[in-house]
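This report describes a protein chain from its overall make-up to its cavities, its nonpolar cores and a few individual residues. The sequence and the structure are shown first.

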Amino acid sequence: MYLPPHDPHVDDPMRFKPLFRIHLMERKCATVECMYGHKGPHNGHIQIVKKDEFSTKCNQTDHHRMSGGRQEEFRTWLREEWGRTLEDIFHEHMQELILMKFIYTSQYDNCLTYRRIYLPPSSPDDLIKPGLFKGTYGSHGLEIVMLSFHGKKAKGTKITGDPNIPAGQQTVEIDLAHPLQLPDIENLRDFSELSRIVLEVQEQIRREEEEKEHKQEEDDRSQQAASQPAAKTGGGEGAEGEETAAGAEGATQDKAPASHPFVLPMGVISRNEDYPRTCRICFYGTGLIAGHGFTSPERTPGVFVLFDDDRFGFIWLELKSFSLYCRIKVSFQNAEAPSREAFDEMLKNIQSLAT
């Protein structure tokens with residue numbers, strides 16, 4: 001298991017923790033050992049669920065318990081997961097969230113399901129190389145996000161989640177067709193100025209969507225009543241508009257390597273104050289927020305900030321919060337993992353032995 005570094009050190013390497021191991025022996029004999037807990041390896045079980053998915057189950061969960069009870073288990077978990085003690089965390093809301101996470105994760109320490117992650121394809125036209133990133137999420141700590149590109153959109157999908165936004169949800173969406181021209185460094189410190197710029201772009205996007213819908217309705221009517229040349233003219237205008245937008249986007253990306261001074265506006269909270277003070281380019285985007293249990297989810301405006309090939313940030317306008325993301329570069333060599341084909345074959349062998 002690869003865990004994020006301790007909050008808020010997003011630049012630190014991932015942490016490696018073995019969860020189970022498989023022994024394949026002669027005479028078609030195999031054993032599975034659970035590595036969870038602090039009492040050493042013990043008896044476990046593996047089962048194939050479906051393609052790209054399998055589950056592990058611990059048969060001796062007493063090995064997960066500690067002599068000091070749940071309180072000792074919680075304090076040990078806190079040191080390992082957060083690198084601190086509860087006394088170091090003064091914010092009551094953060095204490096509550098951490099306790100919720102411990103209760104949730106400890107419920108499933110004896111039975112876990114694993115699903116294969118397929119990384120997004122890469123294209124020469126992408127703003128940066130897609131992949132996995134560590135990101136700061138306020139009191140939730142560090143979480144893993146997969147960045148992918150889809151034409152004029154970029155998406156950040158949660159690989160790990162929290163009590164508000166679970167794994168699998170699209171945490172941020174970046175509109176690559178709408179770059180933001182940030183004010184000079186002094187005016188950038190004014191949150192109201194940044195808010196004005198973002199909300200103006202939001203209103204511009206709303207008008208563009210309305211015009212697009214209106215034009216689509218007119219084109220539909222003209223196709224039914226107008227002549228063929230008129231329809232071609234309408235299509236030509238649309239193509240010209242797309243070419244202009246694509247050209248503008250290409251011009252924007254050509255300028256991307258240039259760096260500009262950057263600082264967070266006053267009042268914007270950041271878990272990590274060691275963010276880059278220069279950026280390449282900024283885009284309008286939206287971030288997903290929700291209540292506990294993913295209640296009342298809504299997309300809110302924000303600013304995507306590209307620092308370099310391996311780091312980006314997102315300013316959550318409504319929350320007055322900043323998330324810093326850093327690329328995961330781990331090669332998984334510590335796991336000494338077999339190839340995908342070898343691992344799949346190993347699971348099949350264990351499954352046949354179990355039946």
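## A residue with positive phi in strand S16

Ser 296 has a relative accessibility of 63% and counts as exposed, because the cut-off for that class is over 50%. In this predicted model, Ser 296 is found in strand S16, and its phi is near 50°, a positive value in a residue other than glycine.

Phe 294, placed in the loop between S15 and S16, likewise has a positive phi, near 60°, and is again a residue other than glycine. At 25% relative accessibility Phe 294 counts as partly exposed.

## Overall make-up

The protein chain contains 6 helices and 18 strands, and 38% of its 355 residues are buried. When contacts between residues at least 6 apart in sequence are considered, 54% of them join residues at least 24 apart.

One peptide bond deserves a note: Asp 7 and Pro 8 are joined by a cis peptide bond, with omega about 0°. Pro 8 lies in the loop between strand S1 (2–3) and strand S2 (15–16).

## Cavities

A search of the whole structure finds 2 cavities of 30 Å³ or more. The largest cavity holds about 100 Å³ of space, and of the 16 residues that line it, the closest to its centre are Leu 19, Cys 34, Thr 56, Lys 57 and Cys 58. Two or more lining residues come from each of strand S4 (29–34), strand S5 (42–50), strand S6 (53–58) and strand S7 (111–115). By class, this lining has 9 nonpolar, 4 polar and 3 charged residues.

The second largest cavity holds about 60 Å³ of space, and its lining is made up of Trp 82, Leu 97, Ile 98, Lys 101, Ser 139, His 140, Glu 143, Gly 161, Asp 162 and Pro 163. Helix H2 (residues 92–106) provides the largest share of that lining, 3 residues, while domain 1 (2–115) and domain 2 (131–193 + 258–353) each supply at least three residues to the lining of the second largest cavity. Its residues divide by class into 4 nonpolar, 3 polar and 3 charged.

## Nonpolar cores

The largest nonpolar core has 26 residues, and those with the most contacts inside it are Leu 180, Phe 262, Val 303, Ile 315 and Phe 322. Helix H4 (191–225), strand S15 (281–291), strand S16 (295–308) and strand S18 (321–327) are the elements that give two or more residues to this core, and H4 gives the most, with 6 residues.

Ile 315 can serve as a view into that core: leaving aside its neighbours within four places in sequence, Ile 315 is in contact with Leu 194, Phe 262, Leu 264, Pro 265, Val 268, Pro 301, Gly 302, Val 303, Ser 321 and Phe 322. Apart from the largest core lies another, of 20 residues, among them Leu 127, Leu 176, Ile 281 and Phe 304.

## Gln 170 in strand S11

Gln 170 is found in strand S11 (residues 170–180), and with a relative accessible area of 19% it is buried, because that class covers values under 20%. Not counting residues up to four places away in sequence, Gln 170 touches Lys 155, Gly 156, Thr 157, Leu 288 and Arg 299. Gln 170 and Thr 286, although 116 residues apart in sequence, are 9.9 Å apart in space, C-alpha to C-alpha.

Technical notes: Residues numbered from 1 in each chain as written. Predicted model: local features only at pLDDT ≥ 70, side-chain atom pairs only at ≥ 80, totals over all residues. Heavy atoms only, no water. 1 Å grid on protein atoms, 1.4 Å probe; cavity = no way out; pocket = protein on both sides within 12 Å on 5 of 7 lines; lining within 4 Å. Points joined across faces, edges and corners; volume = space filled by probe spheres on them. Helix = DSSP H or I, 4+ residues; strand = E, 2+ residues; numbered from the N terminus. Nonpolar A, V, L, I, M, F, W, Y, C, P; charged D, E, K, R; others polar. Domains from an automatic or database assignment. Core = buried A, V, L, I, M, F, W, Y, C linked by side-chain atoms within 4.5 Å. Buried < 20%, exposed > 50% of the residue type's maximum accessible area, 1.4 Å probe, protein only. Contact = heavy atoms within 4.5 Å.
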